[in-house]
Amino acid sequence: MSGPSRFKVAFIGSHGVGKTTLCYGLAARLKRRDVVLEIVHEVARRCPLPINEDTGLASQAWILHTQVAEELVAAARYPVVLCDRSALDNYAYLLVAQGRQRTLESLVEHWMLTYDMLVMVPVIEAPSPDGLRATDPIFQRAVEARVLRELETRKLDAMHLDPCGRERWLDDVEQQVLARLQPPQLELL
């Protein structure tokens, strides 16, 4: 399949909503169509500093800079990049915990312009314990609310998945991505 020289999709939202599952599902479907791609995995899982409710400036700086670095490498090597998170939803954790941080604002503002497509995955159930991520549904909802507010404030377009249509999420995302990857049709004379 031919397509644009570079295309980057990020699944965004709170933790425990299915971003990773969607990312892997979409990757499998696109690979079956011979789309060459790379996945940028959630970097917060590797952060050596406190995350979740205990996150701070050092933790989020590490997460944001690692995310950006991994996206740079993936985009340099692969025409399609699928991101399990974006700079914005990573930053939302810091916004919930400590408010705006001037030192990271310009990085987030600039980096959000590098995504071709954002997919907002809604909270539909409390997060399951996985040994790392917070299980408090109030915290999960607070992060989601902050992501939604940041999308609106920053005037960023996102595909919002229907909370009542989880069984269609992967199909809906695949359809949108394929439509964007298709070369524009030439008008016939």
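Hi everyone, this is a short tour of the fold of one protein and of one helix contact in it.

A word on the source: this is a predicted model, where local features need pLDDT of at least 70 and side-chain atom pairs count only at pLDDT 80 or more, while totals for chains, interfaces and linings use all residues. Residues are numbered from 1 along each chain as its sequence is written, and side-chain values use heavy atoms, with hydrogens and water left out.

Let's start with the overall picture. The protein has six helices and five strands, taken as DSSP runs numbered from the N terminus (helices are H or I, at least four residues; strands are E, at least two). From the N terminus, the order is β-α-β-α-β-α-α-β-α-β-α. The radius of gyration, over C-alpha atoms, is 17 Å, close to the 16 Å from the globule rule for 189 residues, so the protein is as compact as a globular protein of that length (the rule is 2.2 Å times the number of residues to the power 0.38).

Now to the strands. Strand 2, residues 37-40, pairs in the parallel sense with strand 3, residues 80-84, over four bridges (pairing takes at least two DSSP bridges). In this pair, V40 stands opposite C83 of strand 3.

Finally, the helices. The axes of helix 3 (residues 87-98) and helix 5 (residues 137-153) come within 9 Å and cross at roughly 120°; axes are lines fitted to C-alpha atoms over the stretch in contact, with angles from 0 to 180 degrees between N-to-C directions. Who meets whom there? Among the residues in contact (heavy atoms within 4.5 Å) are L88, Y93 and V96 in helix 3, and F139, R146 and L151 in helix 5.
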